Amino acid sequence: MASVRRVLILEDESGLATRIADCLEDAGYDVAGPVRNVLEAKRVVGLDGVDCAVISADLANENPMSLAHEIAKQRVPVLILSQSASLRAADSGGRYRRLMKPISPRQLLSEIDAMFAPKAA
C-alpha cells in the first residue's frame, strides 16, 4: 500500500486555505495545516516533516520565500501561489512550481500530482 503524502499549506487567507485543504484531503493527501505564518510552518516542517509544500507568496506581514528556499534545499517540492504577475519573474532556479491566484481545484491537483510523478530518467 502506498503511503499517504503529507502536504503543508501556508496561506493566511482563511477561506482559500480551507478550500485548498479540503481539495487535497478529498484527493487523499494528508494535510499539514493550514498554517497562517512562517513560524508555524517551520514548526510543522521541523516536527512532523512534509512531502510537499503549498506556500502563498502573498502573506500579509511576511515574506515566505526564505521558507520556500529552506524546504526546497531538503529536496521537498514547493508550489508557490501568488496574486502577483511579478512572481513569474522571480528567480527560483526552477526549484518551484507556480500558480497564479485564483486557482481552481483542478489546477491545484494537477500541480501537486505532477510534483509526485516519477521523474524521467
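Reader: Against which elements do the buried residues of helix α1 pack?
Author: The model is predicted, so local features need pLDDT of at least 70 and side-chain atom pairs 80 or more, while totals for chains, interfaces and linings use all residues. Residues count from 1 along each chain's sequence, and side-chain values use heavy atoms, without hydrogens or water. Helix α1 (a DSSP run of H or I, at least four residues; strands are E, at least two, both numbered from the N terminus) has as its buried residues (under 20% relative accessible area, 1.4 Å probe, protein chains only; exposed is over 50%, partly exposed in between) L16, A17, I20, A21, C23 and L24. In contacts with heavy atoms within 4.5 Å, these buried residues pack against β1, β2, β4 and α4.

Reader: Which exposed residues does α1 carry on the face turned away from its buried side?
Author: The buried residues of α1 include A17 and I20. Turned away from that buried side is a face of α1 whose exposed residues are R19 and D26.

Reader: How far apart are the end C-alpha atoms of α1?
Author: Helix α1 covers residues 14-26, and its 13 residues at 1.5 Å each (times one less than their number) should span 18 Å. The separation of the end C-alpha atoms agrees with this expectation, because it is also 18 Å.

Reader: In β5, which residue is the bridge partner of I80?
Author: Five strands make an open, parallel sheet in the order β2-β1-β3-β4-β5, where pairing needs at least two DSSP bridges. Strands β2 (30-35) and β5 (96-100) are its edges, each pairing on one side only. Strand β4 (residues 78-82) runs parallel to β5 and is joined to it by five bridges. The partner of I80 in β5 is R98.
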